[in-house]
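User: Could you take me through one part of this model in detail? I'd like a close look at a single hairpin and then how the rest of the fold is arranged around that part.

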Amino acid sequence: MRSGVEMSLRVAFLLLALISFYEGRSAALPNLTWRTESGFRVADLSFPLQGRAGFTLLASPETGIAFTNYLSEATVAKNRLTESGSGVALGDVDNDGRVDIYFCGLEGGNTLYQNLGSWRFQDITGQAGVACPGQLSTGCAFADLDGDNDLDLLVNSLGGGTRLFFNDGRARFTESKTEWPSPPFGRDFTRLGRCRWQRIP
Ligand SMILES: [Ca+2]
Ligand SMILES: [Ca+2]
């Protein structure tokens, strides 16, 4: 059976490849024609019809990304759901125009990397206040939940429900004290956040 660690790393590598692909293509195609839609903008990309796909693996020392999703056999034995791995969220949390990365971890806490540009990232988890230690973090999402034009953070976990962190616009987060369930998130969302795991004998 494929382990949660392996699956999470596969997701991380894929997302990093996507970021690399996006930023690399953006730099190589300066003449993008942007169309403004409701709340966002979009531009068509052109791709070469010949040659190989343009993915390049970047090593950890090059990028500064050294996240590992730790999962012990003892924890797996207690809760098989941990083998599903953990999620990753991408978004510009400090509004500098570059996509930042937030990794969820099962036993080692979560990590937020600030994109410094030129394929370099910096761990800003401590100052951002989003480490979430001591919980089995399984999923996360960036979204502007309070409408102040910065990305807030939702973190889901096994046995701990969903936690909401509001962004001050500079990638410093404060956890919401709102009790679940509470509007405006709705019944389905709170039901997801309140999922509990059960030990399998
Ligand atoms: Ca950023
Ligand atoms: Ca916000």
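Analyst: β5 and β6 pair in the antiparallel sense, with four bridges between them. One pair to look for is Asn115, whose bridge partner in β6 is Phe121. This is a predicted model, so keep that in mind for every value below.

The turn of this hairpin has two residues between the strands, and Ser118 takes a positive phi near 55 degrees there. In sequence terms, Ser118 sits in the loop between β5 (111-117) and β6 (120-123). Most residues other than glycine have a negative phi. Ser118 goes the other way, with a positive phi although it is not a glycine. Is Ser118 buried or exposed? Ser118 is exposed, because 10 other C-beta atoms lie within 10 Å of its own, and the cut-off for exposed is 12 or fewer.

β5 itself is another story: five of its seven residues are buried, and the strand is mostly covered. On its other pairing, β5 runs antiparallel to β4, with three bridges. In that pairing Phe103 stands opposite Thr111 of β5. Thr111 also gives a handle on what follows the hairpin: its C-alpha atom is 8.7 Å from that of Gly126, although the two are 15 residues apart along the chain. Gly126 belongs to helix α4. With 10 other C-beta atoms within 10 Å, Gly126 is exposed.

Step out one strand further and you get to β3, which pairs with β4 in the antiparallel sense over four bridges. Here Ala89 has Tyr102 of β4 as its bridge partner. Put together, these strands make an open sheet of four, in the order β3-β4-β5-β6 and with antiparallel pairing. β3 and β6 are the edge strands, each with a single partner, so one side of each has no neighbour in the sheet. On average, neighbouring strands of this sheet are turned by 25 degrees against each other, direction ignored.

Now carry on along the chain. Cys132 is in the loop between α4 (125-128) and β7 (136-143). Like Ser118, Cys132 is a residue other than glycine with a positive phi, and for Cys132 the value is near 50 degrees. What about its surroundings: is Cys132 buried or exposed? Cys132 counts as buried, because 22 C-beta neighbours fall inside 10 Å and the threshold for buried is 20 or more.

After that loop comes the other open sheet of four strands, ordered β7-β8-β9-β10 with antiparallel pairing. Its edges are β7 and β10 (173-175), each with a single partner strand, so one side of each is left without a neighbour in the sheet. The average turn between neighbouring strands of this sheet is 25 degrees, direction ignored. Within this sheet, β8 (residues 152-158) and β9 (residues 161-167) run antiparallel and are joined by five bridges. Val155, for instance, has Arg163 in β9 as its bridge partner.

What ties this back to the hairpin is the core. The largest nonpolar core has 23 residues, and Tyr102, Cys140 and Leu153 touch the most other members. β3 (88-91), β4 (100-103), β5 and β8 each supply at least two of its residues. Leu153 is a good residue to click on: leaving aside neighbours within four places in sequence, its contacts include Tyr102, Cys140, Phe142, Phe165 and Phe173. As a rule, in soluble globular proteins, nonpolar side chains tend to be buried together.

There is one more hairpin, towards the start of the chain. Strand β1 (residues 34-37) pairs antiparallel with strand β2 (residues 40-43) over four bridges, and Thr36 stands opposite Arg41. This hairpin also has two residues between its strands, and Gly39 takes a positive phi near 90 degrees.

For the overall picture, the protein has five helices and ten strands, and 25% of its 201 residues count as buried. Among contacts with a separation of 6 or more, 48% are between residues 24 or more positions apart.

Finally, confidence. The mean pLDDT is 81, and 73% of residues reach 70 or more. Over residues 20-28 the pLDDT stays under 50, with seven contacts beyond four places in sequence. Residues 182-201 are also below 50, and this stretch has 19 contacts beyond near neighbours in sequence. Where pLDDT is low, the predicted coordinates should not be read in detail.

Key: Residues numbered from 1 in each chain as written. Chains lettered and ligands numbered in written order. Predicted model: local features only at pLDDT ≥ 70, side-chain atom pairs only at ≥ 80, totals over all residues. Pairing = 2+ DSSP bridges. Axes fitted to C-alpha atoms, helices over the stretch in contact; angles between N-to-C directions. Core = buried A, V, L, I, M, F, W, Y, C linked by C-beta atoms within 7 Å. Contact = placed C-beta atoms within 7 Å. pLDDT = per-residue confidence, 0-100.
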